[in-house]
Amino acid sequence: MSLSDRSLEALQNVHPDLVAVIEKADEMGAMFTVTCGLRTVAEQEMLVRTGKSKTMKSRHLDGHAVDLVDAAFTWSESAMREIAVTVKAAAAELKVPIEWGG
């Protein structure tokens, strides 16, 4: 597998440990796209204002969160569950603590 250009762009300025986890999950065969990584305060404010986020305390603001979507961009529960299993396994292998928010 290899991360798409869109995923690589979204990973810019994300904490290196989290980038390593995402890269490892990709190597392990997880099928996903990274849609968002680091956000500006203005971006987060807009997401809160439009109801797409509920907080201004988002980990996206400091590069400690990414949003993933399944390969078909459906956010199907089963596909996302599969992605979560692989991302958590990658994090465990790299000894990087993560919290799955999906």
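Leaving aside neighbours within four places in sequence, which residues is Thr 33 in contact with? Keep in mind as we go that this is a predicted model. Thr 33 touches Ser 4, Arg 6 and Ser 7, and it also reaches Asp 67, Leu 68, Val 69 and Phe 73. You'll find Thr 33 in strand β1. With a relative accessible area of 11%, Thr 33 is under the 20% cut-off, so it counts as buried.

Let's stay with that strand for a moment. β1 runs over residues 32–36 and is mostly covered, with four of its five residues buried. Its partner is β2: the two pair in the antiparallel sense, over four bridges. If you want one of the links to look at, take Val 34, whose bridge partner in β2 is Leu 68. As a general point, side chains in a regular strand alternate between the two faces of the sheet.

Now step back along the chain from β2 into the loop that comes between α3 and β2, which is where His 60 sits. Is His 60 buried or exposed? Its relative accessible area is just 6%, and that is under 20%, so His 60 is buried. Its side chain makes a polar contact of 3.1 Å with the side chain of Asp 67. Once neighbours within four places in sequence are set aside, His 60 is in contact with a run of residues from Cys 36 through Gly 37 and Leu 38 to Arg 39, and also with Ala 65, Val 66 and Asp 67. Asp 67 is worth a second look, then: it is in contact with Thr 33 as well as with His 60.

Asp 67 turns up again at the largest pocket, which has a volume of about 1000 Å³. Of the 31 residues lining that pocket, the closest to its centre are Ala 65, Val 66, Asp 67, Glu 99 and Gly 101. Four elements each supply at least two lining residues: α2 (16–27), α3 (41–49), β2 (67–70) and α4 (77–94). Among them, α2 gives the most, with three residues. As for chemistry, the lining is a mix of 14 nonpolar, nine polar and eight charged residues.

Finally, go to helix α4, the place of Glu 77. Here the picture changes: Glu 77 has a relative accessible area of 58%, which is over 50%, so it is exposed. Glu 77 and Val 34 are 43 residues apart in sequence, and from C-alpha to C-alpha they are 17 Å apart in space.

Methods. Residues numbered from 1 in each chain as written. Predicted model: local features only at pLDDT ≥ 70, side-chain atom pairs only at ≥ 80, totals over all residues. Heavy atoms only, no water. 1 Å grid on protein atoms, 1.4 Å probe; cavity = no way out; pocket = protein on both sides within 12 Å on 5 of 7 lines; lining within 4 Å. Points joined across faces, edges and corners; volume = space filled by probe spheres on them. Nonpolar A, V, L, I, M, F, W, Y, C, P; charged D, E, K, R; others polar. Buried < 20%, exposed > 50% of the residue type's maximum accessible area, 1.4 Å probe, protein only. Polar contact = N/O pair within 3.5 Å; in protein donor to acceptor, adjacent residues only side chain to side chain. Contact = heavy atoms within 4.5 Å. Pairing = 2+ DSSP bridges.
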